[in-house]
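Me: I am new to this structure and would like a close look at a single part of it. Please take one helix and go through the helices that pack against it, with some background on the chain around it.

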Amino acid sequence: MNSSVNEGQTQVYMDGGIDPQYGVNTDAPYLNTPSKQLLELIAVLFSQSGKTKLDGKNGKVIEEGGMKDSQVLSILVGMGIPQQLAMSGINSFKAGMNVYNENNNKQKNHNKMNFTLAELYENVMKSINGLKEMESDNSRVSYTAKSALNILENSLGSFPMRFKNEDVSVVSEEIENSVNPTLKFKIARDLHNSLSSAEWLNPVKELRSYIANTYDNGKWSYKVAEAVERNSSQRGKLYEGLIDSLTELLYESEDTIKSKLDAVASKHPWSNDCKLILNEMAEAEHKATANNSGKIVSVLSPVLENENGLTFHLHGKNYSFNGKEITEAKVEDSRFFDVLEGLKLFKHTGDSLVTFSENGKTLEFNLAEGTLKLGDVDLTNSSVIELKESLMATNFFGYRDQWKVDQVCKFFESVDMLAEMDNFTNIQSTEFLNLYLTMIAVEEGIWVNKVNGGMQLNEMKFIPTATEAVEVIKEFINYDASSILSEKLISEGNEKAAAEKKRSEINDKISFLEEKKAKVAEATKKVGETEELKEAMDLLDSEISKFEKELQETFSVVEKKTKKQYLDDGYVEAEVVKSSNSLRKGDQILVNAEEYTSLGDDDLLNAVDPKTGKSTIVKKEIVKVQL
């Protein structure tokens, strides 16, 4: 029996290992020049499913991925391909893929990354150069400019050293891929906050405007970067996995972050940061979608007051309102119609009613100030007769439309009847002409007036609850009126409205505290750190942290998962064997099988109560998986 080994023979083991070949010239050209067919075969093998992990209980796959190099190599040599040729083919394939991925990443960075470290560096240097020009000024500008200059120059120490030694345009993409993607967000945020007191200096104003623009275009990237920074101080594989997943998102575009964050949150259901950002995204998306097709406009109408209430005009009909009920009304006062006819000649713009003449002049009535101007001439204190003479003398309406002069004069004769209906909310469709909806809230419910000119619809209906009114309005004009009817929704026990109101109140408090914190920081830079300023800063940080935690608690998971869904996602049943702060001995919980097998006893583990879906972080040592 021949015991020598040739280039077509090798020893392959079950785990994918391969014994090295001896006595073969591995440098032979034919063993290091893989054919196109071999490379295509290797590509197919790498795309196939590789080794899997099972949950240890019911045989379900909880992790799978592509084949490893050793697995592909085992298959190739098993097919009779010389080992060296197979290895050469794998290396050639991977080298080609690396080039592809590098080019793809560069293209992605070029197309999608609107905010880069190099771009931030260039803007900082531009501001530094602008401030240096002010150093010769002996006025107050020089002191403020010097302070801002110190802040900017100190920030340069946070940038990679290569920016200072090489052409930024040459190394920008390389550096962008090599440094932590959170760096640019941290530098930008710190600069924007610390330069607030020097906003009035043009170089600083331009830099802060640039940073603010990057936030507007990359809000979710900033949010994710802040979440990475907050969790970086935590230890354990649980947090390491979260940080890695969030950091990967920062290489993506805003749209991709929005689509992929949901998967990250599902993998780390215990993360309050993921929940917070997801709910903010949902809220922003909901408002943008729901309210994109409608806008709030003011309602002007002549108003008659009597013992029975008010009489007003809305979308072609006259109504009486006694504070509770709205009914159609018959109006006989001619002044009411004089105002209505006069309104048709004017365009309502902002706080003014404006009409234009054929010769370029304007007649403007300011509703807020009560002033009337004909071009540059002030007619506020003029009589109606003087107004008529002025319009006739300037031939404002032309000879064919002289009748409009009398209509304007009658309008201003009774203009005191005109009122803006502040207690009405009028929504005009931005998608369809002649589509309106008006809400009139009363103690007992909501009156809703729906108008669709194309369908000849103009009806006023009473809806007893705000919850139902929100649904009706959304269906008719695609507008979310939740914020407008917030108080009524809360009184009806609407949890979402209550949470949104609380969220708004907490955000206001945080904003107020952030302003105070910026002032304390500014004072510290001017006079140095004192015991009083340090105490004030610590107190503010403590209060902000408290409110941020309270803010996070107002958000909840959109949909509670069932026990079966958790089991399908790789969780297994476990029992608490030692009581902790949140769990008692004997409690039944669910844990992620992969985390449980890979973590040490002192590491933190995410435990889920199968009854409530509530997540709790515990040490692995107090949990025992039920086999």
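Reply: Two packed helices are described by the angle between their axes and the distance between the axes. The axes are lines fitted to C-alpha atoms over the stretch in contact, and the angle runs from 0 to 180 degrees between N-to-C directions. The model is a predicted one, and the part chosen here is helix 10, which covers residues 219-231.

Start with helix 8, residues 182-194. Its axis lies 9 Å from that of helix 10, and the two pack at an angle of about 100 degrees. Because angles from 65 to 115 degrees count as roughly perpendicular, helix 8 is roughly perpendicular to helix 10. On the side of helix 8, the contact is made by Thr182, Phe185, Lys186, Ala188 and Arg189. Helix 10 contributes Ser221, Tyr222, Ala225, Glu226, Val228 and Glu229. By type, the residues of this contact are five nonpolar, two polar and four charged.

Next comes helix 9, residues 202-217. The axes of helix 9 and helix 10 come within 4 Å and cross at roughly 95 degrees, so this pair is also roughly perpendicular. Helix 9 takes part through Ile211, Thr214, Tyr215, Asp216 and Asn217, and helix 10 through Lys219, Tyr222 and Lys223. Three nonpolar, two polar and three charged residues make up the contact of helix 9 with helix 10. Tyr222 appears here and also in the contact with helix 8.

The third partner to look at is helix 12, residues 254-267. Helix 10 and helix 12 pack with their axes 8 Å apart, at an angle of about 55 degrees. That angle makes the two helices oblique to each other. From helix 10, the residues in contact are Lys219, Trp220, Ser221 and Val224; from helix 12, they are Glu254, Ile257 and Lys258. The contact of helix 10 with helix 12 holds three nonpolar residues, one polar and three charged. Lys219 is listed here as well as in the contact with helix 9, and Ser221 is listed here as well as in the contact with helix 8.

Now the chain around this part. It has 627 residues, of which 39% are buried, and its secondary structure comes to 22 helices and 23 strands. Among contacts with a separation of 6 or more, 53% join residues 24 or more positions apart.

Confidence varies along the chain. The average pLDDT is 80, and 82% of the residues score at least 70. Among the elements, strand 18 (residues 457-463) has the highest mean pLDDT, 94, and strand 2 (residues 61-63) the lowest, 47. Over residues 1-9, pLDDT stays under 50, and the model has twelve contacts beyond four places in sequence for that stretch. Residues 103-113 also stay under 50, with twelve such contacts.

A few single residues complete the background. His315, in the loop between strand 6 and strand 7, has a positive phi of about 50 degrees although it is not a glycine. Asn478, in the loop between helix 17 and helix 18, has a positive phi of about 55 degrees and is likewise not a glycine. His315 is partly exposed, at 25% relative accessibility, and Asn478 is partly exposed with a relative accessible area of 25%. Cys274, at 1% relative accessibility, is buried, and Cys409 is buried at 6%. The whole structure has zero disulfides.

How values were computed. Residues are numbered from 1 along each chain as its sequence is written. This is a predicted model: local features need pLDDT of at least 70, side-chain atom pairs count only at pLDDT 80 or more; totals for chains, interfaces and linings use all residues. Side-chain values use heavy atoms; hydrogens and water are left out. A disulfide is a pair of cysteine sulfur atoms within 2.5 Å. Buried means under 20% relative accessible area, exposed over 50%, partly exposed in between (1.4 Å probe, protein chains only). Angles under 35 degrees count as roughly parallel, over 145 as roughly antiparallel, 65 to 115 as roughly perpendicular and the rest as oblique. Contact means heavy atoms within 4.5 Å. Ala, Val, Leu, Ile, Met, Phe, Trp, Tyr, Cys and Pro count as nonpolar, Asp, Glu, Lys and Arg as charged, and the others, Gly among them, as polar. pLDDT is the predictor's confidence in each residue, from 0 to 100.
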